[in-house]
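I am opening a notebook page on this structure. I want to go through its charged pairs, its sheets and its helices, in that order.

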Amino acid sequence: MGNGTSRLYSALAKTLTSSAASQHPEYLVAADPEHVEPIDPKELLEECRAVLHTRPPRFQRDFVALPADCPSSHPPIRVMQWNILAQALGEGKDNFVQCPIEALKWEERKCLILEEILAYQPDILCLQEVDHYFDTFQPLLSRLGYQGTFFPKPWSPCLDVEHNNGPDGCALFFLQNRFKLVNSANIRLTAMTLKTNQVAIAQILECKESSRQLCVAVTHLKARTGWERFRSAQGCDLLQNLQTITQGAKIPLIVCGDFNAEPTEEVYKHFASSSLNLNSAYKLLSADGQSEPPYTTWKIRTSGECRHTLDYIWYSRQALSVRSALDLLTEEQIGPNRLPSFNYPSDHLSLVCDFSFNEEP
(Lines give C-alpha, C1' and ligand atoms only; values in the text may rest on other atoms or scores of the structure.)
Protein backbone atom coordinates (compact mmCIF):
# COMPACT_ATOMS: atom_id res chain seq x y z
CA MET A 1 0.00 0.00 0.00
CA GLY A 2 1.43 3.35 -1.04
CA ASN A 3 2.06 6.26 1.28
CA GLY A 4 -0.92 8.22 -0.07
CA THR A 5 -3.27 5.32 0.56
CA SER A 6 -1.80 4.72 4.03
CA ARG A 7 -2.28 8.40 4.84
CA LEU A 8 -5.91 8.25 3.78
CA TYR A 9 -6.52 5.13 5.84
CA SER A 10 -4.90 6.79 8.84
CA ALA A 11 -7.66 9.42 8.61
CA LEU A 12 -10.26 6.75 9.45
CA ALA A 13 -10.22 7.58 13.12
CA LYS A 14 -10.91 11.23 12.37
CA THR A 15 -14.07 10.73 10.30
CA LEU A 16 -16.44 10.72 13.25
CA THR A 17 -15.90 13.48 15.73
CA SER A 18 -19.42 14.79 16.37
CA SER A 19 -21.14 13.73 19.59
CA ALA A 20 -24.10 12.28 17.67
CA ALA A 21 -21.83 10.08 15.58
CA SER A 22 -19.64 8.99 18.46
CA GLN A 23 -22.69 7.58 20.22
CA HIS A 24 -23.24 5.22 17.27
CA PRO A 25 -19.72 4.11 16.36
CA GLU A 26 -20.22 0.43 15.62
CA TYR A 27 -20.62 0.49 11.82
CA LEU A 28 -19.74 4.05 10.91
CA VAL A 29 -16.16 3.54 12.07
CA ALA A 30 -14.51 1.72 9.19
CA ALA A 31 -13.19 -1.80 9.52
CA ASP A 32 -9.67 -3.06 9.01
CA PRO A 33 -9.32 -3.17 5.20
CA GLU A 34 -7.52 -6.51 5.42
CA HIS A 35 -10.43 -8.12 7.28
CA VAL A 36 -13.85 -7.25 5.89
CA GLU A 37 -16.63 -8.23 8.24
CA PRO A 38 -20.09 -8.13 6.61
CA ILE A 39 -22.70 -5.78 8.05
CA ASP A 40 -26.47 -5.74 7.68
CA PRO A 41 -27.63 -2.82 5.48
CA LYS A 42 -30.70 -2.34 7.70
CA GLU A 43 -28.52 -1.90 10.78
CA LEU A 44 -26.23 0.56 9.02
CA LEU A 45 -29.30 2.48 7.82
CA GLU A 46 -30.61 2.64 11.40
CA GLU A 47 -27.24 3.91 12.59
CA CYS A 48 -27.20 6.62 9.91
CA ARG A 49 -30.72 7.67 10.89
CA ALA A 50 -29.69 7.87 14.54
CA VAL A 51 -26.89 10.30 13.57
CA LEU A 52 -29.41 12.28 11.48
CA HIS A 53 -32.16 12.36 14.12
CA THR A 54 -32.11 16.19 14.35
CA ARG A 55 -32.47 16.63 10.58
CA PRO A 56 -35.72 16.54 8.60
CA PRO A 57 -36.60 13.12 7.10
CA ARG A 58 -35.33 12.27 3.62
CA PHE A 59 -37.59 13.02 0.69
CA GLN A 60 -39.88 10.36 -0.77
CA ARG A 61 -39.12 9.50 -4.39
CA ASP A 62 -40.97 6.85 -6.35
CA PHE A 63 -39.93 4.48 -9.10
CA VAL A 64 -41.83 4.84 -12.36
CA ALA A 65 -42.41 1.50 -14.10
CA LEU A 66 -41.65 1.65 -17.82
CA PRO A 67 -43.15 -0.55 -20.53
CA ALA A 68 -40.88 -3.43 -21.55
CA ASP A 69 -41.04 -5.39 -24.80
CA CYS A 70 -40.55 -8.77 -23.17
CA PRO A 71 -40.44 -10.28 -19.68
CA SER A 72 -37.04 -11.01 -18.18
CA SER A 73 -36.15 -14.35 -16.61
CA HIS A 74 -33.59 -12.73 -14.28
CA PRO A 75 -33.86 -10.06 -11.56
CA PRO A 76 -33.31 -6.51 -12.86
CA ILE A 77 -29.93 -4.80 -12.50
CA ARG A 78 -30.24 -1.59 -10.48
CA VAL A 79 -27.77 1.15 -11.46
CA MET A 80 -27.26 4.37 -9.49
CA GLN A 81 -25.52 7.47 -10.86
CA TRP A 82 -24.63 10.29 -8.46
CA ASN A 83 -22.30 13.26 -8.15
CA ILE A 84 -22.16 13.26 -4.34
CA LEU A 85 -20.36 16.67 -4.04
CA ALA A 86 -16.76 16.54 -2.86
CA GLN A 87 -16.56 17.55 0.80
CA ALA A 88 -13.62 19.90 0.24
CA LEU A 89 -15.44 21.66 -2.62
CA GLY A 90 -18.75 21.91 -0.75
CA GLU A 91 -17.12 23.51 2.28
CA GLY A 92 -14.27 25.36 0.61
CA LYS A 93 -14.98 26.35 -3.00
CA ASP A 94 -18.53 26.00 -4.25
CA ASN A 95 -20.12 28.96 -2.42
CA PHE A 96 -23.62 27.58 -1.88
CA VAL A 97 -24.87 30.85 -0.43
CA GLN A 98 -28.28 29.57 0.71
CA CYS A 99 -26.96 26.37 2.30
CA PRO A 100 -26.14 26.68 6.02
CA ILE A 101 -22.55 25.59 6.73
CA GLU A 102 -23.90 23.17 9.38
CA ALA A 103 -25.72 21.26 6.62
CA LEU A 104 -22.33 20.49 5.03
CA LYS A 105 -20.67 18.94 8.12
CA TRP A 106 -19.12 15.67 6.94
CA GLU A 107 -20.07 13.69 10.05
CA GLU A 108 -23.75 14.07 9.14
CA ARG A 109 -23.60 14.66 5.39
CA LYS A 110 -21.88 11.32 4.83
CA CYS A 111 -24.78 9.63 6.64
CA LEU A 112 -27.23 11.36 4.29
CA ILE A 113 -25.22 10.03 1.31
CA LEU A 114 -25.13 6.53 2.79
CA GLU A 115 -28.84 6.71 3.58
CA GLU A 116 -29.61 7.48 -0.08
CA ILE A 117 -27.46 4.56 -1.27
CA LEU A 118 -28.93 2.18 1.31
CA ALA A 119 -32.50 3.24 0.48
CA TYR A 120 -32.14 2.19 -3.17
CA GLN A 121 -29.57 -0.63 -2.75
CA PRO A 122 -28.05 -0.45 -6.24
CA ASP A 123 -26.30 -3.46 -7.75
CA ILE A 124 -23.94 -1.03 -9.53
CA LEU A 125 -23.02 2.37 -8.08
CA CYS A 126 -21.30 5.11 -10.11
CA LEU A 127 -20.10 8.17 -8.19
CA GLN A 128 -18.34 11.44 -9.00
CA GLU A 129 -16.60 13.98 -6.73
CA VAL A 130 -15.57 11.26 -4.28
CA ASP A 131 -12.93 12.63 -1.88
CA HIS A 132 -13.64 10.22 0.99
CA TYR A 133 -13.16 6.92 -0.83
CA PHE A 134 -10.50 5.33 1.38
CA ASP A 135 -11.85 6.43 4.75
CA THR A 136 -15.59 6.08 4.17
CA PHE A 137 -17.01 4.56 1.01
CA GLN A 138 -14.57 1.75 0.27
CA PRO A 139 -14.46 0.38 3.86
CA LEU A 140 -18.22 0.63 4.44
CA LEU A 141 -19.43 -0.49 1.02
CA SER A 142 -17.02 -3.43 1.00
CA ARG A 143 -18.69 -4.61 4.21
CA LEU A 144 -22.02 -4.41 2.38
CA GLY A 145 -20.69 -6.76 -0.31
CA TYR A 146 -19.48 -4.27 -2.92
CA GLN A 147 -16.17 -4.30 -4.79
CA GLY A 148 -14.93 -0.80 -5.54
CA THR A 149 -12.51 1.03 -7.82
CA PHE A 150 -11.41 4.65 -7.44
CA PHE A 151 -9.63 6.83 -9.99
CA PRO A 152 -8.73 10.35 -8.77
CA LYS A 153 -8.32 13.43 -10.95
CA PRO A 154 -4.62 14.15 -11.61
CA TRP A 155 -4.95 17.75 -10.38
CA SER A 156 -8.01 17.75 -8.17
CA PRO A 157 -9.29 21.19 -7.11
CA CYS A 158 -9.87 19.66 -3.65
CA LEU A 159 -6.13 19.85 -3.07
CA ASP A 160 -6.35 23.68 -3.09
CA VAL A 161 -8.64 23.60 -0.05
CA GLU A 162 -7.11 23.75 3.41
CA HIS A 163 -7.64 20.56 5.48
CA ASN A 164 -8.67 18.61 2.38
CA ASN A 165 -8.99 14.83 2.40
CA GLY A 166 -7.02 14.22 -0.78
CA PRO A 167 -8.08 14.40 -4.44
CA ASP A 168 -11.61 13.78 -5.66
CA GLY A 169 -12.39 11.39 -8.49
CA CYS A 170 -14.76 8.80 -9.89
CA ALA A 171 -15.69 5.57 -8.10
CA LEU A 172 -17.40 2.45 -9.38
CA PHE A 173 -18.87 -0.20 -7.07
CA PHE A 174 -20.67 -3.46 -7.88
CA LEU A 175 -22.21 -6.20 -5.73
CA GLN A 176 -19.94 -9.23 -5.71
CA ASN A 177 -22.82 -11.67 -5.23
CA ARG A 178 -24.28 -10.57 -8.58
CA PHE A 179 -21.21 -9.85 -10.72
CA LYS A 180 -17.71 -11.04 -11.40
CA LEU A 181 -15.09 -8.55 -12.62
CA VAL A 182 -13.70 -9.56 -16.02
CA ASN A 183 -11.70 -6.47 -16.94
CA SER A 184 -11.10 -2.95 -15.61
CA ALA A 185 -9.65 0.18 -17.26
CA ASN A 186 -8.82 3.54 -15.73
CA ILE A 187 -9.00 6.16 -18.49
CA ARG A 188 -7.47 9.61 -18.34
CA LEU A 189 -9.46 11.53 -20.92
CA THR A 190 -7.77 13.46 -23.70
CA ALA A 191 -8.90 16.51 -25.67
CA MET A 192 -7.19 17.47 -28.93
CA THR A 193 -4.48 14.88 -28.09
CA LEU A 194 -3.78 16.59 -24.73
CA LYS A 195 -4.19 14.67 -21.48
CA THR A 196 -6.80 16.38 -19.31
CA ASN A 197 -7.75 16.52 -15.64
CA GLN A 198 -10.90 14.43 -16.20
CA VAL A 199 -11.12 10.66 -15.84
CA ALA A 200 -13.32 7.62 -16.40
CA ILE A 201 -13.47 4.03 -15.17
CA ALA A 202 -14.75 1.27 -17.47
CA GLN A 203 -15.30 -2.30 -16.27
CA ILE A 204 -16.56 -5.44 -17.93
CA LEU A 205 -18.71 -7.39 -15.47
CA GLU A 206 -20.13 -10.88 -15.86
CA CYS A 207 -23.62 -11.34 -14.47
CA LYS A 208 -23.59 -14.46 -12.27
CA GLU A 209 -27.26 -15.34 -12.90
CA SER A 210 -27.19 -15.16 -16.70
CA SER A 211 -23.44 -15.39 -17.46
CA ARG A 212 -23.93 -12.40 -19.77
CA GLN A 213 -21.35 -9.62 -19.86
CA LEU A 214 -21.95 -5.93 -19.33
CA CYS A 215 -19.59 -2.96 -19.64
CA VAL A 216 -20.18 -0.19 -17.09
CA ALA A 217 -18.42 3.17 -17.29
CA VAL A 218 -18.42 6.21 -15.01
CA THR A 219 -17.07 9.66 -15.88
CA HIS A 220 -17.10 13.34 -14.92
CA LEU A 221 -16.40 15.79 -17.75
CA LYS A 222 -14.93 19.30 -17.56
CA ALA A 223 -17.19 21.90 -15.92
CA ARG A 224 -18.04 25.51 -16.76
CA THR A 225 -19.40 27.59 -19.61
CA GLY A 226 -16.87 28.23 -22.37
CA TRP A 227 -15.47 24.68 -22.27
CA GLU A 228 -18.06 23.12 -24.60
CA ARG A 229 -15.56 22.11 -27.31
CA PHE A 230 -13.25 20.66 -24.66
CA ARG A 231 -16.09 18.54 -23.25
CA SER A 232 -17.00 17.46 -26.76
CA ALA A 233 -13.44 16.25 -27.36
CA GLN A 234 -13.39 14.42 -24.01
CA GLY A 235 -16.66 12.73 -24.90
CA CYS A 236 -15.29 11.62 -28.27
CA ASP A 237 -12.22 10.18 -26.56
CA LEU A 238 -14.37 8.26 -24.08
CA LEU A 239 -16.60 6.89 -26.87
CA GLN A 240 -13.51 5.76 -28.76
CA ASN A 241 -12.20 3.95 -25.68
CA LEU A 242 -15.58 2.33 -25.07
CA GLN A 243 -15.78 1.23 -28.71
CA THR A 244 -12.57 -0.74 -28.15
CA ILE A 245 -13.51 -2.08 -24.70
CA THR A 246 -16.95 -3.29 -25.87
CA GLN A 247 -15.39 -4.87 -29.01
CA GLY A 248 -17.40 -2.61 -31.28
CA ALA A 249 -20.59 -2.71 -29.17
CA LYS A 250 -20.65 -6.52 -28.92
CA ILE A 251 -20.75 -6.14 -25.12
CA PRO A 252 -23.79 -4.20 -23.81
CA LEU A 253 -22.85 -0.86 -22.27
CA ILE A 254 -24.07 1.46 -19.50
CA VAL A 255 -22.37 4.87 -19.14
CA CYS A 256 -23.09 6.96 -16.04
CA GLY A 257 -21.78 10.44 -15.59
CA ASP A 258 -21.92 14.08 -14.72
CA PHE A 259 -21.29 15.37 -18.24
CA ASN A 260 -21.50 19.04 -17.19
CA ALA A 261 -23.41 19.45 -20.46
CA GLU A 262 -27.03 20.25 -21.29
CA PRO A 263 -28.73 18.13 -23.98
CA THR A 264 -28.13 20.97 -26.48
CA GLU A 265 -24.33 20.51 -26.30
CA GLU A 266 -22.20 18.69 -28.86
CA VAL A 267 -20.99 16.08 -26.39
CA TYR A 268 -24.57 15.00 -25.71
CA LYS A 269 -25.22 14.75 -29.44
CA HIS A 270 -22.08 12.61 -29.89
CA PHE A 271 -23.40 10.10 -27.35
CA ALA A 272 -26.92 10.16 -28.79
CA SER A 273 -25.67 9.49 -32.34
CA SER A 274 -22.77 7.16 -31.54
CA SER A 275 -22.30 3.85 -33.38
CA LEU A 276 -22.54 2.28 -29.91
CA ASN A 277 -26.31 2.86 -30.31
CA LEU A 278 -26.93 4.46 -26.91
CA ASN A 279 -30.10 5.93 -25.45
CA SER A 280 -30.46 8.16 -22.39
CA ALA A 281 -32.54 6.33 -19.78
CA TYR A 282 -34.15 9.35 -18.16
CA LYS A 283 -35.70 10.49 -21.45
CA LEU A 284 -38.12 7.59 -20.93
CA LEU A 285 -39.76 9.44 -18.01
CA SER A 286 -40.95 12.22 -20.34
CA ALA A 287 -44.39 12.19 -21.96
CA ASP A 288 -42.91 11.74 -25.45
CA GLY A 289 -39.99 9.55 -24.37
CA GLN A 290 -37.64 11.99 -26.12
CA SER A 291 -37.04 14.75 -23.57
CA GLU A 292 -34.52 14.88 -20.75
CA PRO A 293 -35.69 15.95 -17.25
CA PRO A 294 -35.87 19.72 -16.66
CA TYR A 295 -33.01 19.50 -14.13
CA THR A 296 -30.62 17.11 -12.40
CA THR A 297 -28.84 19.85 -10.41
CA TRP A 298 -30.25 22.99 -8.80
CA LYS A 299 -28.21 25.34 -6.64
CA ILE A 300 -27.69 28.97 -5.69
CA ARG A 301 -24.16 30.36 -5.77
CA THR A 302 -22.83 33.90 -5.45
CA SER A 303 -23.13 34.13 -9.25
CA GLY A 304 -26.86 33.31 -9.09
CA GLU A 305 -29.26 30.39 -9.39
CA CYS A 306 -28.26 27.42 -11.58
CA ARG A 307 -30.82 24.85 -12.75
CA HIS A 308 -29.44 22.41 -15.31
CA THR A 309 -29.66 18.90 -16.71
CA LEU A 310 -26.08 17.58 -16.61
CA ASP A 311 -26.28 13.97 -15.36
CA TYR A 312 -27.13 10.95 -17.50
CA ILE A 313 -27.37 7.18 -17.62
CA TRP A 314 -26.74 6.00 -21.19
CA TYR A 315 -27.41 2.38 -22.18
CA SER A 316 -27.23 0.06 -25.21
CA ARG A 317 -30.77 0.31 -26.55
CA GLN A 318 -30.66 -2.99 -28.47
CA ALA A 319 -29.22 -5.16 -25.71
CA LEU A 320 -30.86 -3.60 -22.62
CA SER A 321 -34.29 -2.41 -21.49
CA VAL A 322 -35.08 0.10 -18.75
CA ARG A 323 -37.67 -1.49 -16.45
CA SER A 324 -38.09 1.48 -14.11
CA ALA A 325 -36.51 4.80 -13.21
CA LEU A 326 -36.51 6.81 -9.98
CA ASP A 327 -38.49 10.02 -10.33
CA LEU A 328 -36.71 13.30 -9.56
CA LEU A 329 -37.38 15.55 -6.60
CA THR A 330 -40.02 18.19 -7.28
CA GLU A 331 -39.34 21.91 -6.99
CA GLU A 332 -41.50 21.93 -3.86
CA GLN A 333 -39.42 19.16 -2.26
CA ILE A 334 -36.14 20.88 -3.17
CA GLY A 335 -37.39 24.12 -1.60
CA PRO A 336 -36.51 27.79 -2.19
CA ASN A 337 -32.91 27.49 -0.93
CA ARG A 338 -32.25 24.69 -3.47
CA LEU A 339 -29.44 22.15 -3.03
CA PRO A 340 -27.53 21.01 -1.02
CA SER A 341 -29.60 21.33 2.16
CA PHE A 342 -30.31 19.73 5.52
CA ASN A 343 -32.57 17.30 3.61
CA TYR A 344 -30.29 16.45 0.71
CA PRO A 345 -26.48 16.10 0.75
CA SER A 346 -25.50 17.07 -2.80
CA ASP A 347 -26.22 19.75 -5.38
CA HIS A 348 -26.89 16.92 -7.88
CA LEU A 349 -29.78 14.46 -7.71
CA SER A 350 -29.12 10.74 -7.79
CA LEU A 351 -30.40 8.88 -10.86
CA VAL A 352 -31.46 5.24 -10.41
CA CYS A 353 -32.64 2.79 -13.10
CA ASP A 354 -33.53 -0.89 -13.21
CA PHE A 355 -32.24 -2.65 -16.34
CA SER A 356 -32.73 -6.07 -17.84
CA PHE A 357 -30.99 -7.82 -20.71
CA ASN A 358 -33.05 -8.24 -23.85
CA GLU A 359 -33.21 -11.80 -25.14
CA GLU A 360 -30.26 -12.61 -27.37
CA PRO A 361 -31.27 -13.02 -31.02
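**Entry 1: charged pairs**

I started with Asp347, which counts as buried at 4% relative accessibility. The cut-off for buried is under 20% relative accessible area. This is a predicted model, and I read every entry below with that in mind.

Which residue pairs with Asp347 in a salt bridge? I found Lys299, with the closest N and O atoms 2.8 Å apart. Lys299 lies in strand 11 (residues 297-301), while Asp347 sits in the loop between helix 10 (331-334) and strand 15, so this salt bridge ties together parts that are 48 residues apart in sequence. I checked the accessibility of Lys299 as well: its relative accessible area is 6%, so Lys299 is buried too.

Next I looked for a network. Arg55, Lys105 and Glu108 are joined into one by salt bridges that share partners.

How many salt bridges are there in total? I get 15. I picked out two more to look up.

The first is Asp354 with Arg78. Their closest N and O atoms are 2.7 Å apart. Asp354 belongs to strand 15 (residues 351-357) and Arg78 to strand 2 (residues 77-83), so the pair connects parts 276 residues apart in sequence. Are these two residues buried or exposed? Both Asp354 and Arg78 are buried.

The second is Asp123 with Arg178, where the closest N and O atoms come to 3.0 Å. I placed both residues in loops. Asp123 is in the one between helix 6 (106-120) and strand 3 (124-130), and Arg178 is in the one between strand 5 (169-175) and strand 6 (179-191). The pair links distant parts of the chain, 55 residues apart. Asp123 and Arg178 are both buried.

**Entry 2: the sheet of 7 strands**

I traced an open sheet with the strand order 1-14-15-2-3-5-4 and mixed pairing. Which strands are at the edges? They are strand 1 (63-65) and strand 4 (146-152), each pairing on one side only. From one strand to the next, the twist averages 25 degrees.

I followed one edge. Strand 4 and strand 5 run antiparallel and are joined by 7 bridges. Phe151 stands opposite Cys170 in strand 5.

Then I looked for helices on this sheet. Helix 6 packs on it and touches strand 1, strand 2, strand 3, strand 14 (320-326) and strand 15. The direction of helix 6 makes about 160 degrees with that of strand 2. Helix 7 lies across strand 3, strand 4 and strand 5. Helix 7 runs at about 160 degrees to strand 4.

**Entry 3: helix 7**

How many residues of helix 7 (residues 133-143) are buried? I count 11 of its 11 residues as buried. Among them are Phe134, Phe137, Leu140 and Leu141. The buried set also includes charged residues, Asp135 and Arg143. Just after helix 7, Gly145 takes a positive phi of about 100 degrees.

**Entry 4: helix 4 against helix 6**

I went back to helix 6 and looked up its contact with helix 4 (residues 41-51). The two axes come within 9 Å and cross at roughly 145 degrees. The crossing of helix 4 and helix 6 is left-handed.

Which residues meet there? From helix 4 I listed Pro41, Leu44, Leu45, Cys48, Arg49 and Val51. From helix 6 I listed Glu107, Glu108, Cys111, Leu114, Glu115 and Leu118. By type, the residues of this contact are 8 nonpolar, no polar and 4 charged. I had already met Glu108 in the network with Arg55 and Lys105.

**Entry 5: the sheet of 6 strands**

I traced another open sheet, ordered 6-7-8-9-13-10, with mixed pairing. Its edge strands are strand 6 and strand 10 (278-280), and each pairs on one side only. The twist averages 20 degrees from one strand to the next.

Strand 6 and strand 7 (residues 194-207) pair in the antiparallel sense over 11 bridges. Thr190 stands opposite Lys195 in strand 7.

Which helix packs on this sheet? I found helix 8 (residues 228-245). Helix 8 touches strand 6, strand 7, strand 8 (213-220), strand 9 (253-258) and strand 10. The direction of helix 8 makes about 145 degrees with that of strand 6.

Terms used: Residues are numbered from 1 along each chain as its sequence is written. This is a predicted model: local features need pLDDT of at least 70, side-chain atom pairs count only at pLDDT 80 or more; totals for chains, interfaces and linings use all residues. Side-chain values use heavy atoms; hydrogens and water are left out. A salt bridge is a side-chain nitrogen of Lys or Arg within 4 Å of a carboxyl oxygen of Asp or Glu. Helices (H or I, at least four residues) and strands (E, at least two) are DSSP runs, numbered from the N terminus. Buried means under 20% relative accessible area, exposed over 50%, partly exposed in between (1.4 Å probe, protein chains only). Axes are lines fitted to C-alpha atoms, for helices over the stretch in contact, and angles run from 0 to 180 degrees between N-to-C directions. A crossing is left-handed if the near helix is turned anticlockwise from the far one by less than a right angle, and right-handed if clockwise. Contact means heavy atoms within 4.5 Å. Two strands pair if DSSP finds at least two bridges between them.
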